[in-house]
Amino acid sequence: MSEAEKEKRAPVLDPVDRVSEIIFGVIMALTFTGSLSAASAGREEIRTMIFAALGCNLAWGLVDAVMYLVGTLTERARNLASLRRTRSAASPHEARAIIADAFPGRLAEAIDVEGLERMRQRLAALPEPPARARLGRDDYTGALGVFLLVVLATFPVVVPFMLFSETALAMRVSNGVALALLFAAGYSLGRHAGGVPWRTGLAMAVIGAVLVAITMALGG
């Protein structure tokens, strides 16, 4: 097993990652479906819209997947640099200061000198770290998950246009499905954060609708 795989870190995709990618995919798809005219859009325009929405989310899914890998590698390199600085510090006091800087402000304040010293000793006892940060199998699995979430989020929004010949009805069903997805995503985030899930769900549905309107107004 490689050092990258051994490193303790967040799950391949945590709930926030998963929900965020779904929200992004839904909003991007809505910017295409919302550009249709219920009164004048024909089957050719609808077909073009479906392929455009899918193509856009394929492209952005790929971009998000690559940036996920870049972010993971950057964070891992930063952690390695912090570990090397800690191990090569001129004094235990300097090493403890480096460790404390790695924690958020309030959390760092809650750790006393004894706790920081125990961490320093454990880090000093670790095997020699790798020469450079590397990506492991889980990282590529996570990137694939990011890509698939963005792309698959397109289908619930565009499928109604494949099922219903009446454009106005398809648009109403598509918008209803999209709002339901946004509400469910917000509900999941609210539950994960320990808040009031239904309020977060409603807020996410409203925010999603506003973002779509802004994106369309800007020509997105």
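**Briefing: D139, A125 and a nonpolar patch**

D139 counts as buried because its relative accessibility is 0%; buried means under 20% relative accessible area, exposed over 50%, and partly exposed in between (1.4 Å probe, protein chains only). This is a predicted model, where local features need pLDDT of at least 70, side-chain atom pairs count only at pLDDT 80 or more, and totals for chains, interfaces and linings use all residues. Residues are numbered from 1 along each chain as its sequence is written, and side-chain values use heavy atoms, with hydrogens and water left out.

**D139 and its partners**
- D139 sits in helix α7, residues 137-152 (helices are DSSP runs of H or I, at least four residues, numbered from the N terminus).
- The side chains of D139 and R76 share a polar contact of 2.9 Å (a pair of N or O atoms within 3.5 Å; within protein, one must be able to donate a hydrogen and the other to accept it, and residues adjacent in sequence count only if both atoms are side-chain atoms).
- A polar atom of the D139 side chain also lies 2.6 Å from the backbone nitrogen of G136.

**A125**
- A125 belongs to helix α6, residues 113-125.
- A125 is exposed because its relative accessible area is 65%.
- A125 and R87 are 38 residues apart in sequence, and their C-alpha atoms are 9.3 Å apart in space.

**W60**
- W60 lies in helix α3, which covers residues 43-87.
- W60 has 39% relative accessibility, so W60 counts as partly exposed.

Notes:
Helices (H or I, at least four residues) and strands (E, at least two) are DSSP runs, numbered from the N terminus.
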